Amino acid sequence: MKRIFFRRISFVAAAMMLALTMTACSLSDSSKSISKSISSPSVSLSKSSSPKKKYIAEVQDFTAAFIRSGGSAANLRDRIGEMAQKAGVSDWTADGDTWKAIGAGIAKAGYNATERDAFLMNLEPTAAQHKWIFKGYGSYKP
């Protein structure tokens with residue numbers, strides 16, 4: 001009689017351990033799927049706005065590196081045109097964000113106001129482009 005009683009207790013204990021293990025696995029899987037579903041909307045939002053932001057960051061970084069290496073203003077225009085085309089920016093010369101990124105790149109390169117103005121004379125921006133460049137230059141935070 002004692003053996004049957006202990007076997008039943010052992011069986012019940014084993015069943016409870018199995019149930020607890022399965023519950024723990026189920027909870028772990030649930031938390032993973034919840035965290036995936038929570039992060040999915042932000043991932044899709046960042047992907048939708050990412051190409052333009054990536055392009056702007058690339059223009060800024062490229063401008064700074066290009067200026068530091070001694071590149072000319074004319075060559076900068078050509079290279080940014082190529083970057084814009086790859087990024088799907090159809091008319092970069094009319095895109096204020098591109099010019100702001102150029103201005104920020106000039107600041108990032110460490111150009112002071114005199115060096116900036118000399119570079120801009122060779123870049124030959126329009127009045128609107130000039131305004132955007134100054135906004136980008138002024139807004140750059142190292």
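Which residues touch the most other members of the largest nonpolar core? The legends below, which describe a predicted model, take up this question and then turn to other close-up views.

**Figure 1. Overview of the helical chain.** The predicted model contains 5 helices and 0 strands. Read from one end of the sequence to the other, the pattern is α-α-α-α-α. The chain has 142 residues, of which 27% are buried. Its exposed surface amounts to about 9700 Å², and carbon and sulfur atoms supply 61% of that area. Among contacts with a separation of 6 or more, 68% are between residues 24 or more positions apart.

**Figure 2. The largest nonpolar core.** This core holds 25 residues, and those that touch the most other members are Y55, L76, W92, I102, I106 and L123. Two or more residues are given to the core by each of helix 1, helix 2, helix 3, helix 4 (113-123) and helix 5 (127-139). Helix 1 provides the largest share, with 7 residues.

**Figure 3. The surroundings of W92.** W92 belongs to the group of core residues that touch the most other members. When neighbours within four places in sequence are left aside, the contacts of W92 are Y55, R77, I80, G81, A84, T98, W99 and I102. Of these contacts, Y55 and I102 are also named in the group of core residues that touch the most other members.

**Figure 4. T63, a residue of helix 1.** T63 is located in helix 1. Is T63 buried or exposed? Its relative accessible area is 0%, and T63 is therefore buried. Apart from neighbours within four places in sequence, T63 is in contact with L76, I80, I102, G105 and I106. Among these contacts, L76, I102 and I106 belong to the group of core residues that touch the most other members.

**Figure 5. The salt bridge between K108 and D61.** The closest N and O atoms of K108 and D61 are 2.4 Å apart, and the two residues form a salt bridge. K108 lies in helix 3 (residues 96-108) and D61 lies in helix 1 (residues 2-68), so this pair ties together parts that are 47 residues apart in sequence. K108 is partly exposed, with a relative accessible area of 26%. D61 is likewise partly exposed, at 39% relative accessibility.

**Figure 6. The salt bridge between E82 and R79.** E82 and R79 form a salt bridge in which the closest N and O atoms are 3.6 Å apart. How many residues apart are E82 and R79 in helix 2? They are 3 residues apart in helix 2 (residues 73-87), which means that about one helical turn separates them. E82 has a relative accessible area of 42% and is partly exposed. R79, at 39% relative accessibility, is also partly exposed.

**Figure 7. The salt bridge between R116 and D117, and a shared network.** R116 forms a salt bridge with D117, and their closest N and O atoms are 3.0 Å apart. R116 is buried, with a relative accessible area of 8%, whereas D117 is partly exposed, at 33% relative accessibility. Elsewhere, K52, D95 and D97 are joined into one network by salt bridges that share partners. The count for the model comes to 5 salt bridges.

**Figure 8. The two faces of helix 4.** Within helix 4, the buried residues include R116, F119, L120 and L123. These residues cover an arc of only 105° around the axis and therefore lie on the same side of helix 4. The face turned away from this buried side carries T114, M121 and N122, which are exposed. At the N-terminal end of helix 4, N112 acts as a cap, with a side-chain oxygen 3.0 Å from the backbone nitrogen of T114.

**Figure 9. E124, just after helix 4.** Where does E124 lie? E124 is found in the loop between helix 4 and helix 5. Just after helix 4, E124 adopts a positive phi of about 55°. At 61% relative accessibility, E124 is exposed. Not counting residues up to four places away in sequence, E124 touches R77 and Q129. The C-alpha atoms of E124 and A74 are separated by 9.0 Å, although these residues are 50 residues apart along the chain.

Technical notes
Residues numbered from 1 in each chain as written. Predicted model: local features only at pLDDT ≥ 70, side-chain atom pairs only at ≥ 80, totals over all residues. Heavy atoms only, no water. Salt bridge = Lys/Arg side-chain N within 4 Å of Asp/Glu carboxyl O. Helix = DSSP H or I, 4+ residues; strand = E, 2+ residues; numbered from the N terminus. Buried < 20%, exposed > 50% of the residue type's maximum accessible area, 1.4 Å probe, protein only. Core = buried A, V, L, I, M, F, W, Y, C linked by side-chain atoms within 4.5 Å. Contact = heavy atoms within 4.5 Å. Areas by Shrake-Rupley, 256 points an atom, 1.4 Å probe, with all protein chains shown as cover. Arc of directions from axis to C-beta. Polar contact = N/O pair within 3.5 Å; in protein donor to acceptor, adjacent residues only side chain to side chain.
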